[in-house]
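Here is a friendly walk through how some helices and strands fit together. Have the 3D view open as you read.

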Amino acid sequence: MKAVIIKEFGGPEQLSIGEWEKPSPAQDQILVKVHNTALNRADTMQRKGVYPPPAGASPILGLEIAGEVVEVGANVNQWKQGERVFGLIPGGGYAEYAVIHQDMAMPIPSSFSFEQAVAIPEVFLTAYQAMKWLADVQPGETLLVHAGASGVGTAAIQLAKAIGVKTIVTASAPKHQTCLDLGASLAIDYKTEDFQEKALEFTEGKGVDVIIDFIAAPYFLKNIDSLATDGRMVILALMGGLNVDGFNLGKMLRKRLKVMGSTLRARSRDYQIRLNQDLKAFAIPLIEQGKIKPVIDSVFDWEQVVEAHQYMEANKNTGKIVLKVS
Ligand SMILES: NC(=O)c1ccc[n+]([C@@H]2O[C@H](COP(=O)([O-])OP(=O)(O)OC[C@H]3O[C@@H](n4cnc5c(N)ncnc54)[C@H](OP(=O)(O)O)[C@@H]3O)[C@@H](O)[C@H]2O)c1
């Protein structure tokens, strides 16, 4: 089959379409003819050689797929050939065929295209996990989402609205309107404004209850000062750096803060299946009713995979970048 190959670890120009062995489904897997896959930041890090796939996963890039079932493993009883499915995989999406565990696959709602479906799994599972499972955000609380116009950010804004949570985002100014249209109450231009000052002003000095952060080190001290008593923060990425100097632990103690880090890809399959079932029960009905929608920035033919990676690394996208495979 054809797949996107990494010639050598490095820049986007290392990617090209080549030949790769077609996977065959294990007992509890289904083989999917991939119509669409989508980009994640993890793909750019794996391409550079700094984020290896978990043990047993395909070394081909691609964490999510939408397509048609072409073959099922011996123990698969819930799927049959020709059905339209989408879902999260540990790797192998940038290819004509990919395998997915039967319990990680979800049926594509009839009103949805493959492009729309593929823009859902990674960002909605990540945002749902952070907000509900880790931070346990409650209706009436206030949430601060950094990189609000990212794929995960746009999912978080919509989930928050559905839960009844007020959302503040940080994003570069041209991306503000999209965040506001999706349901954010306030958008802060982190390049020209002080997010801590704005968040405290918005909450009348109380602070926000939950923060979803991707920037890490440069935001850490201001995040701590932006949190309300009993506040929770989930750090999902380290885009700005790793090390923090001058952290006063007294602030954590006095405000009874919870600071958590999380990953999704490295979680056990059982954990991912439970999360998938939970998201499916909560979000799929809302998606079918049009109350939550995948935010697609652009669709590239997979022949343009180099341009798609360059586009993401230039921070040009608001929401998901989708690849058309077939
Ligand atoms: N831990 C997990 O489980 C998990 C799961 C999925 C994704 N992630 C991580 O979450 C992050 C977001 O993923 P995504 O796919 O949603 O990303 P994305 O759609 O590519 O968006 C990332 C956005 O972040 C903003 N940004 C980049 N560098 C920044 C910086 N130094 N300071 C402030 N803002 C910055 C940019 O928007 P502006 O124009 O607004 O600056 C950029 O477009 C990635 O780092 C990804 O690896 C983690």
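## Two helices that cross

H3 and H4 lie oblique to each other. In this predicted model, the axes of helix H3 (residues 121-134) and helix H4 (residues 151-163) come within 8 Å, crossing at roughly 55°. The crossing of H3 and H4 is right-handed.

Which residues make the contact? From H3 come Val-123, Phe-124, Thr-126, Ala-127, Tyr-128 and Met-131, while H4 brings Gly-151, Val-152, Ala-155, Ala-156, Leu-159 and Ala-160. Sorted by class, the contact of H3 with H4 has 10 nonpolar residues, 2 polar ones and no charged ones.

## The parallel sheet

Now to an open sheet of 6 strands, paired in parallel and ordered E10-E9-E8-E11-E12-E13. Strand E10 (186-189) and strand E13 (258-261) are at the edges; each has a single partner strand, so one side of each has no neighbour in the sheet. On average, and with direction ignored, neighbouring strands of this sheet are turned by 15° against each other.

At the E13 edge, strand E12 (residues 227-235) pairs with E13 in the parallel sense over 4 bridges. If you want a spot to zoom in on, try Met-233, which stands opposite Val-259 in E13.

## Helices on the sheet

H6 packs on this sheet and touches strand E8 (142-145), strand E9 (166-171), E10 and strand E11 (208-213). The direction of H6 makes about 160° with that of E10. H7 packs on the sheet too, touching E8, E11 and E12, and its direction makes about 160° with that of E11.

These two helices also meet each other: helix H6 (residues 195-202) and helix H7 (residues 217-226) pack at an angle of about 10°, their axes 9 Å apart. H6 and H7 are therefore roughly parallel to each other. On the H6 side you will find Phe-195, Gln-196, Ala-199 and Leu-200, facing Lys-222, Asp-225 and Ser-226 in H7. The contact of H6 with H7 divides into 3 nonpolar, 2 polar and 2 charged residues.

## A covered strand elsewhere

Is strand E15 (residues 320-324) mostly covered or mostly uncovered? Mostly covered, since 4 of its 5 residues are buried.

E15 pairs with two strands that run in opposite senses relative to it. Strand E3 (residues 29-38) is antiparallel to E15 and joined to it by 3 bridges; here Asn-36 stands opposite Lys-324. Strand E14 (residues 296-301) runs parallel to E15, with 5 bridges between them, and Val-299 has Val-322 as its bridge partner in E15.

Terms used
Residues are numbered from 1 along each chain as its sequence is written. This is a predicted model: local features need pLDDT of at least 70, side-chain atom pairs count only at pLDDT 80 or more; totals for chains, interfaces and linings use all residues. Axes are lines fitted to C-alpha atoms, for helices over the stretch in contact, and angles run from 0 to 180 degrees between N-to-C directions. Angles under 35 degrees count as roughly parallel, over 145 as roughly antiparallel, 65 to 115 as roughly perpendicular and the rest as oblique. A crossing is left-handed if the near helix is turned anticlockwise from the far one by less than a right angle, and right-handed if clockwise. Two residues are in contact if their C-beta atoms, placed from the backbone, lie within 7 Å. Ala, Val, Leu, Ile, Met, Phe, Trp, Tyr, Cys and Pro count as nonpolar, Asp, Glu, Lys and Arg as charged, and the others, Gly among them, as polar. A residue is buried if 20 or more other C-beta atoms lie within 10 Å of its own, exposed if 12 or fewer, and partly exposed in between; C-beta atoms are placed from the backbone. Two strands pair if DSSP finds at least two bridges between them.
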